[in-house]
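Welcome! Please take a look at the sequence and the model below, and then let us walk through them together.

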Amino acid sequence: MPKLKTKSGAKKRFKFTASGKVKAGVAGKRHRLISHNSKYIRQNRGTQLMSDADAKKIKTYMPYA
């Protein structure tokens, strides 16, 4: 069987934790931040864990991760 290819967009956007959960950057932090309040900006710092349904889909994009 040939090797499976990893989706290049997925490898740039997602990382896996040691327990196999998927981490991703938080959406809504690139531009138009003046319309968001300080609480929104503060709470969306760093990364977050993806939901189980989304993580299942992402794992199919990254077969060897």
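## Getting started

Helices (H or I, at least four residues) and strands (E, at least two) are DSSP runs, numbered from the N terminus. With that in hand, Asn44 can be placed in the loop between α2 (38-43) and β3 (47-49).

This is a predicted model, in which local features need pLDDT of at least 70 and side-chain atom pairs count only at pLDDT 80 or more, while totals for chains, interfaces and linings use all residues. Residues are numbered from 1 along each chain as its sequence is written, and side-chain values use heavy atoms, with hydrogens and water left out.

## The overall picture

The protein chain has three helices and three strands. Read from the N terminus, these elements follow the order α-β-β-α-β-α. Taken along the principal axes, a box of roughly 50 × 25 × 20 Å holds the C-alpha atoms of the protein chain.

The radius of gyration of the protein chain is 15 Å, whereas a compact globule of 65 residues would have a value near 11 Å. This radius is taken over C-alpha atoms, and the globule rule is 2.2 Å times the number of residues to the power 0.38. About 5,800 Å² of the protein chain is exposed, with carbon and sulfur atoms supplying 53% of that area; accessible areas come from the Shrake-Rupley method with a 1.4 Å probe, and for residues only the protein chains shown count as cover. Of the 65 residues, 14% count as buried, where buried means under 20% relative accessible area, exposed over 50%, and partly exposed in between (1.4 Å probe, protein chains only).

## The sheet

What is the strand order of the open sheet? Its three strands are arranged β1-β2-β3, with antiparallel pairing. The edge strands are β1 and β3, each of which pairs on one side only, and the twist averages 35° from one strand to the next. For such angles, axes are lines fitted to C-alpha atoms, for helices over the stretch in contact, and the angles run from 0 to 180 degrees between N-to-C directions. Two strands pair if DSSP finds at least two bridges between them.

Strand β1 (residues 14-16) is antiparallel to β2, and three bridges join the pair. Phe14 stands opposite Ala24 in β2. These two strands form a hairpin with five residues between them, and Gly20 in the turn has a positive phi of about 95°. On the other pairing, β2 and β3 are also antiparallel, over three bridges. Here Lys23 has Leu49 in β3 as its bridge partner, and Ala24 stands opposite Gln48 in β3.

## Two faces of β2 and the core

In a regular strand the side chains alternate between the two faces of the sheet. Along β2, Val22 and Ala24 point to one face and are buried, while Lys23 and Gly25 point to the other and are not.

Which residues make up the largest nonpolar core? There are seven: Ala10, Phe14, Val22, Ala24, Ala55, Ile58 and Met62. β2 (22-25) and α3 (52-61) each supply at least two residues of this core. A nonpolar core is a set of buried Ala, Val, Leu, Ile, Met, Phe, Trp, Tyr and Cys residues joined through side-chain atoms within 4.5 Å.

## A closer look at helix α3

Ile58 lies in helix α3, and its relative accessible area of 5% makes it buried. Contact means heavy atoms within 4.5 Å; leaving aside neighbours within four places in sequence, Ile58 is in contact with Phe14, Val22 and Met50. Ile58 and Lys12 are 46 residues apart along the chain, and their C-alpha atoms are separated by 12 Å.

Ala55 also has its place in helix α3. Ala55 counts as buried because its relative accessible area is 9%. Not counting residues up to four places away in sequence, Ala55 touches Val22 and Met50.

## Two loop residues

Is Asn44 buried or exposed? At 16% relative accessibility, Asn44 counts as buried. Apart from its neighbours within four places in sequence, Asn44 has contacts with Val26 and Lys29.

Arg32 sits in the loop between β2 and α2, and Arg32 is exposed, with a relative accessible area of 64%. Most residues other than glycine have a negative phi, and most peptide bonds are trans. Arg32 has a positive phi, near 60°, and is a residue other than glycine.
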